[in-house]
Amino acid sequence: MSYLPRSSLVTLGMLLIFAYVIYEAAGKPMQAKLFPMTVGILGLLLISIQLGRELWTAWRTDETQTNRKTNQQDGAADFAITDVEKSRIGRLRAAEQFCWLAGLLLGLFLIGFYISVPLMVGLYLWRHQERPMFVIAMTAGVAAVVWGIFNQLLNLPFPQGLILEWLS
């Protein structure tokens, strides 16, 4: 019996990353460590649960000696990849999602957090043909929540972004 299945190595790596985030943030002042500690503790908790589930499943499988091969692909522990996801359309959808993420990261760098997050939400909803009033309401709501929570409530002013710094 292997104590740690190969499929759990990524989970263990993520567990170590979250533990390192908590370790690094622990010595910082309260305002600097609030966000990393929140994300680190929640991430560590969720990843620990996932690692426990993976180890429990591996132990139960080894314990009962039921090594029946299911219709899942190697490495897909929780879900099977469908034929649609393997097709050209599925790959294009996945590429589109990665482009949305890259665009958000580029927007964070260029125009800052307070503008790029609501802008990304609005553009994403518009791209997927939601009703215009819904797009406007959600974008305004996200902008109000992002500004209200991070800037007003937590007093965590994020950088403006390169373009806004150049313009001011």
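How many residues does helix α4 have, and how far does α4 reach from its first C-alpha to its last? In this predicted model, α4 has 24 residues and spans 33 Å between its terminal C-alpha atoms, close to the 34 Å expected at 1.5 Å a residue. The buried residues of this helix are G90, W100 and G107. The elements that cover them include α3 (83-86) and α5. After α4 comes G112, which has a positive phi, near 90°.

Helix α5 comprises residues 113-127. Its 15 residues reach 21 Å from the first C-alpha to the last, close to the expected 21 Å. Buried positions in α5 are F113, S116, V117, P118, G122 and L125. Among the elements covering these residues are α4 (88-111) and α6 (132-153). Helix α4 is thus included in the cover of the buried residues of α5, while α5 is included in the cover of those of α4. Q129, whose phi is positive, near 60°, follows α5.

A link between side chains of these two helices was also identified. A search of the whole structure finds one salt bridge. The side chains of R127 and E96 meet in a salt bridge, with an N to O distance of 3.0 Å. Because R127 belongs to helix α5 and E96 to helix α4, the pair ties together parts that are 31 residues apart in sequence. R127 has a relative accessibility of 44% and therefore counts as partly exposed, since that value falls between the limits of 20% for buried and 50% for exposed.

Residue I111 is placed in helix α4. With neighbours within four places in sequence left aside, I111 is in contact with S116, L119, Q160, G161, I163 and L164. One of these partners, S116, is among the buried residues of α5. The C-alpha atoms of I111 and P159 are separated by 8.9 Å, although the two residues are 48 residues apart along the chain.

A further set of contacts involves helix α1, which covers residues 9-26 and contains T11. The relative accessibility of T11 is 9%, so this residue counts as buried. Beyond its neighbours within four places in sequence, T11 is in contact with I47, Q50, L51 and E54. With E54, the side chain of T11 forms a polar contact of 2.9 Å, joining it to the side chain of that residue.

Technical notes:
Residues are numbered from 1 along each chain as its sequence is written. This is a predicted model: local features need pLDDT of at least 70, side-chain atom pairs count only at pLDDT 80 or more; totals for chains, interfaces and linings use all residues. Side-chain values use heavy atoms; hydrogens and water are left out. Helices (H or I, at least four residues) and strands (E, at least two) are DSSP runs, numbered from the N terminus. Buried means under 20% relative accessible area, exposed over 50%, partly exposed in between (1.4 Å probe, protein chains only). A polar contact is a pair of N or O atoms within 3.5 Å; within protein, one must be able to donate a hydrogen and the other to accept it, and residues adjacent in sequence count only if both atoms are side-chain atoms. Contact means heavy atoms within 4.5 Å. The expected span of a helix is 1.5 Å times one less than its number of residues. A salt bridge is a side-chain nitrogen of Lys or Arg within 4 Å of a carboxyl oxygen of Asp or Glu.
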